[in-house]
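Please open the model in a viewer and keep the sequence panel beside it. The stops below can be selected in order.

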Amino acid sequence: MVMANLQSLRYCLPELTLFVAAMVVVLVDISLKSLRRILNPSLTLLCLVLAGYLSLRAGAADSGLFQGMLASDSFAQFFRLLLILASFLVVIGSLDSDELSPVHSGEFFVLLLVVTAGMILMANSTNLAMLYLSLELVSLTSYIMVGYLRTDRLSNEAALKYLLYGAVSTGAMLYGFSLLYGMTGTLNLYAIRDAFVSQGVDGFNQYTLLLVVLLIMAGFGFKTAAVPFHFWCPDVYAGAPTPVTAFLSVAPKAAGFGILIRFFFSGLSQGTGTQWSMMHGLNWSAILVGISVLTMTLGNIAALTQNNLKRMLAYSSIAHAGYIMMGVAVLSQVGLRSVLVYLFVYVFMNLGAFLVVTVIYNSDKTFEIDDYAGMSRRSPFLTVAMSIFLLSLIGIPPFSGFLGKLYVFGAVIDQGIIWLAVVGSLNAAIAAYYYMKVMKTMILDEGDKNLPPLKISPVNMSLLVVLLLPNVLLVGFWNSIDRWVAASARLFSHSL
Amino acid sequence: MITLQHYLLVSAALFSLGIFGVLTRKNAVNVLMGIELILNSANINLVAFSHYNSANMDGQIFAIVVIVVAAAEVAVALALVLTLYRLLKTVNLDQADMLKR
């Protein structure tokens with residue numbers, strides 16, 4: 001079932017709100033010079049709340065919007081809410097950051113609103129042209145956000161590096177799309193699936209399709225920071241302003257997994273929307289399993305030797321992409337649910353860890369782990385908060401990260417791939433070492449005794465509490481999360 | 001007689017040259033030119049497939065979308081190269097290595 005353009009508009013209200021909000025913030029920024037310091041962030045937050053409310057209200061249409069360009073299903077609903085939530089938290093986290101505040105901030109909020117809308121479109125697109133367009137919308141705006149500190153050399157280098165890696169990998173992806181179009185004669189994901197299923201993939205076509213999948217994985221791997229397309233990740237995370245790094249580590253990664261799932265589940269496997277099976281002639285699951293093993297192992301091992309906390313968290317976010325990829329690779333309903341749970345809990349723990357980095361940079365101007373010594377004396381609250389975020393990242397119960405790990409490993413074992421679960425848990429053990437090392441530095445090391453107690457601004461303090469609560473309490477709402485995720489793990493499956 | 005295969009060969013050659021250029025060039029502007037080659041190789045594929053293989057115009061419209069996005073991408077890229085030049089007085093990527101340590 002496909003919907004005409006005008007009828008589709010009412011299912012896109014959240015995205016439209018975000019685009020209009022971006023324009024309003026631009027206008028306010030140039031016209032109300034005296035009020036803009038307060039108006040810009042408050043308007044942005046207000047519009048994000050409005051968009052979130054509208055996406056709760058909109059409901060799933062279960063049809064292809066705009067002549068089959070976008071899907072509007074419960075999976076899309078999930079990603080809308082998740083991405084809007086992540087942007088909302090990032091906006092609050094950026095209010096009190098010494099890196100961003102010297103620079104004029106109007107454009108930052110505009111970019112964030114546009115990139116949020118872009119990510120929602122990206123996670124929901126069911127047409128290769130739409131997919132490419134929205135992916136580039138997300139990429140271009142994030143390049144600018146990374147290079148936001150124009151006079152800072154690190155920020156600039158990071159942005160240029162991000163752009164060059166990004167342009168090459170999306171270029172390779174585009175070449176893959178063009179070959180896919182040549183093989184099937186259509187750009188619609190469902191029509192592509194139908195063409196492959198009805199013609200069958202055999203002989204030479206098998207190798208072409210394998211090549212196409214590898215080329216396309218370059219683009220998706222870049223967005224989700226999966227090995228071997230992760231080279232940009234540590235440099236960009238270290239060079240970008242910390243709130244932007246926090247944003248990049250959760251939101252575009254989640255959107256990347258959204259489109260990865262949509263592409264492989266809807267386009268390259270047989271299924272009904274809740275049950276899928278591998279298409280004959282192409283075993284993409286094996287490729288994703290390989291990528292996920294490489295990603296978590298390399299990410300974790302490289303993280304062991306880092307002294308800069310931002311770089312360490314960058315490698316750790318690569319490793320987390322590996323865990324999430326396991327859930328995609330098993331191609332099952334349980335696997336899909338595990339990805340959604342993991343992405344949801346990951347937002348709170350990773351944003352929390354980066355917020356602590358921001359708070360400490362605000363007072364000490366450092367990202368080095370060694371400089372965190374003596375933090376338990378200077379700010380016990382911050383030390384406890386960071387410990388909870390890190391324990392959650394390790395996946396230790398009762399913190400929410402445990403839920404994510406439990407679901408992912410459960411899905412892998414459910415599918416009978418025991419060796420993958422073993423590799424995953426070994427990796428989780430390696431990860432525990434470097435997270436614990438940060439905690440050890442903060443709690444046990446003495447550090448400089450003359451340093452004064454650390455001050456936390458009221459905004460950051462309240463955001464810390466807001467981020468701590470889900471990390472501690474989410475396990476208690478296990479049932480509701482399970483129901484929500486089970487309802488969300490339903491992909492739109494019709495063809496034209 | 002020019003067939004689909006000719007176009008595919010040209011585009012494959014362009015793609016490879018683009019990747020080669022990206023990997024070997026040190027000048028940021030030259031790297032951007034390599035990226036343009038990659039995007040245009042995909043465009044040739046799309047238009048050729050649309051002309052020879054399928055009855056629809058999807059491929060040609062996709063190619064126009066790609067051209068627009070490529071222009072936007074180059075605008076952002078050149079802006080970043082320009083700010084890098086203001087800071088370093090060079091566009092050589094080897095000298096932009098502060099993040100490597």
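The tour goes from confidence to the contact between chains and then to individual backbone features.

This is a predicted model, in which local features need pLDDT of at least 70 and side-chain atom pairs count only at pLDDT 80 or more, while totals for chains, interfaces and linings use all residues. Residues are numbered from 1 along each chain as its sequence is written, and chains are lettered from A and ligands numbered from 1 in the order in which they are written.

Colour chain A by pLDDT (the predictor's confidence in each residue, from 0 to 100). The mean for chain A is 91, and 99% of its residues reach 70 or more. Helix H1 (residues 5-8) of chain A has the lowest confidence in that chain, at a mean of 84, and H7(A) the highest, at 96. Helices here are DSSP runs (H or I, at least four residues), numbered from the N terminus.

Next, select the contact, to which chain A and chain B each give 33 residues; two residues are in contact if their C-beta atoms, placed from the backbone, lie within 7 Å. On the side of chain A that touches chain B, H8(A) gives the most, with 19 residues.

Move to A:Pro228, in the loop between helix H10 (204-224) and H11 of chain A. The peptide bond from A:Val227 to A:Pro228 is cis, with omega near 5°.

Finally, select A:Leu331, in the loop between helix H14 (309-329) and helix H15 (333-364) of chain A. A:Leu331 has a positive phi, near 50°, and is a residue other than glycine.

Definitions and conventions
Helix = DSSP H or I, 4+ residues; strand = E, 2+ residues; numbered from the N terminus.
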